[in-house]
Structure formats: C-alpha cells, structure tokens
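Colleague: I'm new to this one. Could you walk me through it?
Modeller: Sure, have a look first and then ask away.

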Amino acid sequence: MKTMTQPRAGARARARTRPRAEGARWKRLWTNRTLLLMCAPAVLFFAIFAYLPMPGLYLAFIKYNYTDGIFKSPFVAFENFRFLVMTGDLWRLTFNTIAYNLAFIVLGNFLQIFVAILLNELRKKWFKKVSQTIMFLPFFISFVIVGLIAYNILSYDYGLLNGILKSLGADPVKTYSNPHVWPVIIVVTFLWQSTGYGSIVYFAAIMGLDSEVVEASEIDGANALQRIRYIVLPWLKPTFIILLLFSLGGVLRGNFGLIYNLVGANNTSLYSTTDIIETYVFRSLMNNFNFSMGSAVSLYQSVFGFIVVITANWLVKKASPDNTLF
Amino acid sequence: MQAEAVRKRIRSDATSLFVRGFGYAFIGLFALCCLIPFLLVLGTSFTNEGTIATNGFNIWPRVFSTFAYKIVFENPGLIVGAYVVTICITIVGTAAGLFLVAMTGYALQRPDFQQRNAISFFIYFTTLFSGGLVPFYLLIKQYLHLGDSYLAVLLPGLMSPFLIIMMKSFTKSIPHAITESAKIDGAGDFTIFLRLILPMATPALATIGLFIALGYWNEWYNAMLFLSPDMKYRPLQLFLYNVITSADFIRNSSAASNVPLRDMPLESMKMATAVVATGPVILFYPFVQRYFIQGITVGAVKG
C-alpha cells in the first residue's frame, strides 16, 4: 500500500538515500504487474462505489441546498448534529438500531444453535433433508415478498391473523397502527427468514465433531441431553463467540430492506418503534430532500460503527487470535 | 457392526427418545411455519376476490378463481418486460461479476503477490466505513448520470467484499504448487488463472455465481432509488413493489383490460404477481441449495 500511495517527491527522496531498496520495490511491482492488473477492476470498482462517496460526508457539515450545490452551500460546522441531538432523533435512531440488532443477534444465534442441535438428533434422513430445505426457503425471497407475506397475515381487513381471531370470536387487531407490537413482528420475521440459513453454520460445525468422542460418550452411557450439554455445546462455543463478535461489529447497521418493506414507506404512526438509522437517512434523501441531515446521521453511524468494529475485533483477538479479520 | 449395535441400545433410553421426539416436533413445526406463508400467498392468488372480502386471506381457496392471473397476463407486456429486464441484468451481472470476483480472489490469495495484503485491506475497509446513502445517491445520479439507467442496478451489484473473501478462501484450497509448476513451464499469471484455476474452481464458481445471481434477482433497493416509476420496463422486484404499493398500477391495468376499477381483483392480483415473480426461484431452489450451503460454511469458517 505504501509503495502505491507514496507521493512522488517522497519516493525520489528515498530513492536517493536507499536506491537499492527503492529499485527493488519498483521491480517487485513490475514482476507482479499481471496480478496487479487482475486486481485493478476490483480496486477501481471499490474506489468508485465505496471510496468516492466518502468525501461526500462533508455534506454533514453544511446546510445543503440544491441551487448552491455542495461547494457554495453555507458551512454550519456541527449545527446538523446539534439539531439531531436536540430533537432526540439521534437517540431514538441509535436505540432502535442497536436494540433490533441485539435482538437479531442474540435470539438469532440461540435459535440457530437450537435448530442445528435438534437437526443433528434426528435420524430419518428424508425428514432432515426436507425440513432443512423448507427452512432455508425464506432466505431466497426478496424483502418485497417478505413485506407482502407480512401483509397477508397482518392486514386488518383480510389478514390471516384477524381471520383466525374473528373465527374464535375475538376482536380483530389493528396491527398497522399500533407501534408497540412491531418490535415483536420485526424480530419474528427476521428469525423466520434467517434461521434456516444461519443454522447451517452451526450444523456444519457439529458435523465436524469427532465421532469417536460421541461414541465414547455413548458407551459410557451418556444420554442425548448429556451429550448435548457436555459435548456439543462446548464444541460450538468458539464458533458462537466468533460469530457473535463479528455480528456485534455491525450492530449499528440496520436491516433496511426488512423494516422498510414490513412497515411501509410512510407509516408515520409506527416510527417511534420502527425507525432506524437507515430508514431515517432514506427518508431524508427521498422524501425531505434534506441531504445534510441524512449525511450527518450517516457520518455518525460510520464513525460510531467503526469504533464498535475495532472494539469487536479486539475482543475477537482476545478470544481467538486465529480468527481476527485484520 | 458391533459399535452400531451398542449405539442403538444406548440411544433408546427415555431421555434420548424424548429429545429425538421433541426434535421431530420442533423442526417439523418450524418448517411448517416457514412453508405456510408461501402457501398463503399461493392460495390467495387463486381465490375469488369476493371471497377474500368476506373471509380474508386463506391458504385454501374456498372459491377457486384464476381471474387475478388473467388480469396479470391480460397486459403481458409489463410483466414480460420486467422478466426480460431482470433476466438480462442477472445474466450479464453474474457473468461479469463472477469473472471479476474470481480473478481478484485468485490474485489476492497468491502467496507470492506482495501487494495482496494492501489490496485486501483496501477492499475490506469498505465494510468498516462508508459514505452512506446520500453521497452514494448523488454519485450515481448527479456525477455518473446513471439515473433511469439499468447500469445503476447492474454496476453496484457486481462485487462485494464478502464474495471476494469467499473466493479467496475457496482458491486457497488449490495447491500453490500448481501455479508454480505452470509458471516454470512459462505460463503467465492470467493464463494460469484462465486455463488452470477457473476449471478447477467450478464448485466455488457455482456457489459465488449463485450468490451474485440471487442478489440480482432479488434486487429492488438500487432499482427503487435510481429508476423512476415512469419507466416502462422495471426490474421484476421493483415492478412487484409498485404493484403492491401503488394504486396507479391497478388503475392502468383496469383501463388496459377493460375491467371496471371496482371489479379489479386488487388483493389476489398482488399475490398473483408475487407468485409469478418468485415462482422460478423457488422451483429452481432445491437444485442449487447445496451450493449455497457450501458457500455459507466456507464463508463462515474464514470470516
């Protein structure tokens, strides 16, 4: 990296002091030219689509208006952030985003482990295969369909839920105007969509368990529960910790597709419990055209999220040095 | 043989039997919960609209009707157009993306490639820090001028750090000695990749290609951001999204099919469109499932 980004003057100065080392460096670049060229499209891709937008976060410090553009709009320093803190928006968004992600991560992992262990206990091959295939199915559909399915179940007039309630003689519920039920709906939908997919990792880990250990425990008379408690669960612990820490790194990144399609674009009555960072930024862009406010929230998310990832990676390093990402 | 007998005898104690029974019940129920919503959509799409109004959505159509499908295909231009757009984007994007991901992944795991760590970090860093939606939107729309262009859907989906890392760990399992011996025989790096590595990496390519293809097939986010609703042929998921959420669409198809607005099968039509949009993926899915499983396990082992 250093060789590639070193400014010319610096390189020349160094070349004077250590000509041989510098020459070797350029030679190395030359010998690897094909490999470098093979990486070039990807480097270009990420430079354009990921790095080029980054300076755009400058928008967070100005009061953007369309006629003045980025460079002439007035500079307001931290005014946008102050506004976000004053209105309480920032707190609500942070809380919702983190709370949803924690629920997804913790409940998700537990359910995945639970399902993987139970799958491993089953003896009928066809049952295992069929149920695994079906549980994996929700992963394959788009969030648009997920939203439609939720509507199928929850719609006030025609939903399956109200149909059942009515046939039991109970009053139908107005789900789409009651913010308190949405955390449950969103988490359940997430679990519905991701458990089959996520349990595969744990199932594969269980498959890697030494069968001799399992057999030995059985000869010693361990029953299924004891085997799970003393062999399988400890065996899954490292996988669990690593996956947990990795997902904790993304705790500030909300699941926009899920929430946007479940809640709908403009259902303001549900914002108190369903608005996350991504949906707020999306609205500030597409509905309010408040580019600066959206960027302020994005910048906050990126910086705060960066700190969280570094911390999580540091924890991974402590837990298992082989699994760190960098 | 004897071990098998021992296993059978010991496993039939009460606790183990209970655990197994519970396993069958729980997994069976969970699988059923995963399946029912699909049946609900399917059932509703075949239900007569009047029945929906009185009885609500149901898995089993009480009064069977294919009217919704008739309306959807009455004006086939739109949905066929959406299909063609999505298929084209998926094919082109998957072919190009797969090639680029494979090439990058192979180069980045070569132990004799000194710059590999720097470049890997350059790619990986984008998952740690991002400019967020607004600058990305402005870039695509105002600077690259890709608004209302299919390229706005195609380009951002080509690669992802996750897939490149997955490709890296896949190709790592191909011994480096193969590359080395080919080099001694005088083959260049690109030739080695094209002639030797690609054919050996077909399972990996299948997995990664399917991940990219699924991404394109289900892509609605960039489409919603960058393609205007006035566009005639929208990608499938955006089309579906508009059918579900916009009244305009219903009005237009009412005019096109000469069915008065109040007789339009509003609800069943949404479901019918969803079935038409998702059907192929679900039919295709059991055959390709194992490639996804492969990818998930490899991706998880090596971050």
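Colleague: Where in chain A does pLDDT stay under 50?
Modeller: That's residues 1–11 of chain A. This is a predicted model, and for that stretch it has six contacts beyond four places in sequence. Where pLDDT is low, the predicted coordinates should not be read in detail.

Colleague: OK, and what is the mean pLDDT of chain A?
Modeller: The mean for chain A is 86, with 92% of its residues at 70 or more.

Colleague: Switching to the two chains together. How many residues of each are in contact?
Modeller: On the chain B side 103 residues touch chain A, and on the chain A side the number is 104. Between them the chains bury about 9,500 Å², and 78% of that is on carbon and sulfur atoms.

Colleague: Which three residues of chain B supply more of its buried area than any other three?
Modeller: Tyr24(B), Ile27(B) and Phe122(B), which together give 7% of the area chain B buries against chain A.

Colleague: How many salt bridges and polar contacts go across?
Modeller: Zero salt bridges are found across the interface of chain B and chain A. For polar contacts, the count is 16 residue pairs, both residues at pLDDT 80 or more.

Colleague: And which helix gives the largest share of chain B's side?
Modeller: Helix 2 of chain B, with 20 residues on the side that touches chain A.

Colleague: Which residue of that helix should we look at?
Modeller: Try Ser16(B), which sits in helix 2, residues 14–45 of chain B. A polar atom of the Ser16(B) side chain lies 2.8 Å from the backbone nitrogen of Ala224(A). The Ser16(B) side chain also has a polar contact with the side chain of Asp13(B), at 2.8 Å.

Colleague: Is Ser16(B) buried or exposed?
Modeller: Buried, because its relative accessibility is 3% and the cut-off for buried is under 20%.

Colleague: Back to salt bridges. How many does the structure hold over all chains?
Modeller: Ten. Side chains of opposite charge can pair when their charged atoms come close. One of the pairs is Arg227(A) with Glu218(A), 3.4 Å from N to O. Arg227(A) is buried at 4% relative accessible area, and Glu218(A) is buried too, at 3%.

Colleague: What about chain B, which residue pairs with Asp189(B)?
Modeller: Lys183(B) does, with the closest N and O atoms 3.4 Å apart. Asp189(B) counts as buried at 5% relative accessibility, while Lys183(B) is partly exposed at 37%.

Colleague: Which residues are joined into one network by salt bridges that share partners?
Modeller: Asp89(A), Arg92(A), Asp275(A) and Arg283(A). Within that group, Arg92(A) and Asp89(A) form a salt bridge, their closest N and O atoms 3.7 Å apart. Both lie in helix 7 of chain A, residues 89–121, three residues apart, or about one turn of the helix. Arg92(A) is partly exposed at 24%, whereas Asp89(A) is buried at 15%.

Colleague: One last topic, helix 9 of chain B. How many of its residues are buried?
Modeller: Nine of its twelve residues, so that helix is mostly covered. Among them are Leu163(B), Ile164(B), Met166(B), Met167(B) and Phe170(B).

Colleague: And what span should helix 9 have?
Modeller: At 1.5 Å a residue, the twelve residues 161–172 should span 16 Å. The end C-alpha atoms are 16 Å apart, which agrees.

Note on methods: Residues numbered from 1 in each chain as written. Chains lettered and ligands numbered in written order. Heavy atoms only, no water. pLDDT = per-residue confidence, 0-100. Contact = heavy atoms within 4.5 Å. Salt bridge = Lys/Arg side-chain N within 4 Å of Asp/Glu carboxyl O. Helix = DSSP H or I, 4+ residues; strand = E, 2+ residues; numbered from the N terminus. Buried < 20%, exposed > 50% of the residue type's maximum accessible area, 1.4 Å probe, protein only. Expected span 1.5 Å × (residues − 1). Polar contact = N/O pair within 3.5 Å; in protein donor to acceptor, adjacent residues only side chain to side chain. Buried area = accessible area lost by both parts, 1.4 Å probe.
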